Amino acid sequence: MSSLNSMIFKLAGLALLACVPLTGESFYVELAAKTLVLAIFAMSLDLLVGFTGLVSFGHAAYFGVAAYAVALLSPKYEAASLWYVLPASVGLSALAALVVGLFVLRTKGIYFIMVTLAFAQLAFFVFHDTPLGGGSDGIYLNVKPSAEIAGWVPFELDNATHLYYFILGALVVVYAFLARILQSPFGRVLVGIKSNEHRMQSMGYLTFRYKLAAFTLAGGLGGIAGFLYAVVFGFVTPELLSWHQSGNVLLMVILGGMGNLVGAVAGAFVFTGMQEVFGSWTKHWQLVMGCVIVAAVLFMPGGLSAVPARIKRALQGGGSNE
Amino acid sequence: MSEVINPGLSAAVQAAPAGEILLVAERITRRFGGLVANQDVCVTLPRGKVHVLLGPNGAGKSTCINMLSGDLPPSEGTIHFMGKDITGLSAAQRSQVGIGRSYQRTNIFPKFTVLENVRLAAQSRRQQPWRIFSKAMKQQWALEKARACIEEAGLGAKVDWIAGVLSHGEQRQLEIAMVLATDAQVMLLDEPLAGMGSDESARMVEVLKRLKPSRAILLVEHDMDAVFAVADTITVMVNGQVLESGPPAQIKASVAVQQAYLGQEDSFHV
C-alpha cells in the first residue's frame, strides 16, 4: 500500500471505531472496548515479537500485574484518582518487565520462549495462591477511577461511552508512540537486532541494553492494556496472567502479521470476532478457531497485513503463482 | 573514484603517526575441548601497514581474527589496543574502542537497503538511545557518513538497493563500507576478496591501499596477487601455529613456507 492509501485506510478504520457507541447497543460497545484493549495489548507484544525478534510467551504477566495493581491500589468503596492509578499500575508492570528482562534476555530462541513463560506462570501463582491476589476468584474493582482534576471532571469512566472513547484514545496514543519510536535511532537498532543481532554487536551495539529497554517498554504498554481491562470489567482474576492469555495475544500478532502495528490491531479484532462467532455456533468453538488459525498460518503467510499487497499482486499479475 | 579519502576517521586520527603500534596480541591460544585451534599466536598491527594471514584451510586464521575481534575469548594470552589490555572486552566493546571486522561469510542486514546497513554502522558511533522521538533518517551526520563510506567502498551506484539482492562481490564491498562507518582504526578483514571477479578484486585492492595510511589492517586472503600487492607483513599459519612471519620477500624465499604450501601442491602433481 502506498503511504497515502495506508493513511486513508487507518483514518477510515478509526472513524468506523469512533462510530461504535452511536449504535447504542451496550453489548457491542463493551465488546468493541474489550477488543480495543486487546489491540493495545497486541501492539505492545508486537514491539517485541515483530520488531525486536523476541518471541515472548509470557506477555500476559505485565497485562495482569497492571490489572491487579488498579484493583489493589483503589480504595474499596471510593474512586481512586485516574492520574495516580494509571501511571502507578503501568509503572509497576514496566518495573516487573525490567526485572524479568534482566534474567530472560540472557537466553535466546526456544529458551527465551520457555523462560518468559516460566516467569509468567510464577506471576500467575503469586496472584492465584497468595493472600495478595484473593485466590482464583480474583478481586473486584467496585468503583472505577475518577478523572477529576482539582474539582473539574473532564470525563467519567463510569460512563460506557466516555470509557470507550478513552480506550480508543489510548489506542491512538500507543499506536502513535510506537510508530514514532520505531523511526527513531533506537527503533532502528531494535529492527537491526531482529535482523542480525550478531552483526549489531560487532558494530558496537550493546544489544542487551536495547533489548531490555524494549522489553520494559513493551511491559509498560501491555500494562496500559491491563489497566484498561480491569476498568472495563470491574474485576480481575488470575486468568488474566495465564498462559492462555499469553498465547492468545501471540496469536493475534501472528494473525495480523508480525512487525505491523495496524496488523496487530486487525489481529485482535479478527481473533475476538472469531471467538464470538464460533462461540455462538458451538461449545467447541476452540476447535474451529484452532483450524482457522492453522489455515491462516499456512495460506496467509505474513498475516492480515500482507493481504493488501497480495491482492494487488494477484490483480496485476492475473493470479498468484505462490 | 571517489575523492573522499578515509571518510571514517577524524582529522586528528588521520594525522596520527604511521607506524604507531595499534594492536598487539601476545601468545594467544584457543582450545575447543581437546583441539588446539590457535597456539601461542603473536600478531602486531602497526598503523599504516597491511598484515596478511596466510595458511591452508583449517590453519586457524578465522579463529585468530575471532579472538582479535572479541567474537571468541582466547583461552590464554593477552590482547592490547594502544597499550590498553582489551582481552576481556566483548565484540561490541572492542568495536567501540576502534576495532572493526568483516566476516568470511557475508554478514549484513539482507532486507535493509545498502544505505540503512551502513547508516546503522555509522549510528553506532553516537548512540543516543534515549532520544526515542527523533527520526533516524533526519540524522544528517550519520547519513552523510554512510554515503561517504558507501562511495569509498565503490558501491555509490547502489545506495538504495536492498542489500540481499546485491551480487556476492558487492555484498563484500558493503561489509567494508560498514566497517569504515564504525571509524575502525584496526580493520580485521576475513577474506574480503573471496568470490569476487577480477575487476571487483582489483578495485578492492585499490580501496585497501587508500585506507592503509591511517589504519592498521589485518587481512586473511587466498588471492596471492592481491596479497603481494598490498602486504607489508605476512604471517603464515599452519595447524594453529605461526610457521613464519616477515616481509613478503622473506616469505616468498622461505623454505618452510614452500614446503608447507608448494610441497603440498607438488604432491598433487606427482
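**Entry 1: a hairpin in chain B**

I began at the hairpin of E1(B) and E2(B), where 2 residues sit between the strands and B:Gly33 takes a positive phi near 60°. A reminder to myself: this is a predicted model, so I'm reading a prediction here.

Next I looked up how the two strands of the hairpin pair. Strand E1 covers residues 21-32 of chain B, strand E2 covers residues 35-46, and 8 bridges join them in an antiparallel run. I picked out one pair: B:Arg30 stands opposite B:Asn38 in E2(B).

E1(B) also pairs with strand E4 (residues 76-81) of chain B, again antiparallel, over 5 bridges. On that side I found B:Thr29 opposite B:Glu76 in E4(B). From my course notes: side chains in a regular strand alternate between the two faces of the sheet.

**Entry 2: the six-stranded sheet**

I then traced an open sheet of 6 strands in chain B and wrote down its order as E6-E7-E8-E3-E9-E10, with mixed pairing. Which strands stand at the edges? They are E6 (99-102) and E10 (241-246) of chain B; each has a single partner strand, so one side of each is left without a neighbour in the sheet. On average, neighbouring strands of this sheet are turned by 15° against each other, direction ignored.

I zoomed in on the E10 end. Strand E9 (residues 233-238) of chain B runs antiparallel to E10(B), and 5 bridges join the two. One of the pairs I clicked on was B:Ile234, whose bridge partner in E10(B) is B:Gly246.

**Entry 3: over to chain A**

Chain A is mostly a helix hunt: I noted 12 helices and 2 strands. Read along the sequence, the pattern goes α-α-α-α-α-β-α-α-α-β-α-α-α-α. Its radius of gyration is 20 Å, close to the 20 Å that the globule rule gives for 322 residues, so chain A is as compact as a globular protein of that length. I also jotted down the span of its C-alpha trace along the principal axes, about 60 × 50 × 45 Å.

Then I chose one helix pair. The axes of H2 (residues 26-52) and H9 (residues 243-256) of chain A come within 9 Å and cross at roughly 75°. Angles of 65 to 115 degrees count as roughly perpendicular, and H2(A) and H9(A) are therefore roughly perpendicular to each other.

Who makes the contact? H2(A) brings residues including A:Leu38, A:Phe41 and A:Leu45, while H9(A) brings A:Val249, A:Leu250 and A:Met252, among others. By class, I logged 9 nonpolar, 2 polar and 1 charged residues.

**Entry 4: where the chains meet**

I looked up the contact between the chains: 26 residues of chain B are in contact with 19 residues of chain A. On the chain B side, helix H3 (91-97) and helix H4 (114-123) each supply at least two residues. H3(B) gives the most, with 4 residues. That side of chain B divides into 12 nonpolar, 10 polar and 4 charged residues.

**Entry 5: how sure is the predictor?**

The predictor gives the complex an ipTM of 0.87 and a pTM of 0.91. Chain B averages a pLDDT of 87, and 90% of the residues score at least 70. Where in chain B is confidence lowest, and where highest? It is lowest in helix H1 (residues 11-14), at a mean of 56, and highest in H4(B), at 96.

I flagged two stretches of chain B. Residues 1-6 stay under 50 in pLDDT, and the model has 9 contacts for them beyond four places in sequence. Residues 265-270 stay under 50 too, with 0 such contacts.

Conventions
Residues numbered from 1 in each chain as written. Chains lettered and ligands numbered in written order. Predicted model: local features only at pLDDT ≥ 70, side-chain atom pairs only at ≥ 80, totals over all residues. Pairing = 2+ DSSP bridges. Axes fitted to C-alpha atoms, helices over the stretch in contact; angles between N-to-C directions. Parallel < 35°, antiparallel > 145°, perpendicular 65-115°, else oblique. Contact = placed C-beta atoms within 7 Å. Nonpolar A, V, L, I, M, F, W, Y, C, P; charged D, E, K, R; others polar. pLDDT = per-residue confidence, 0-100. Rg over C-alpha atoms; globule rule 2.2 N^0.38 Å.
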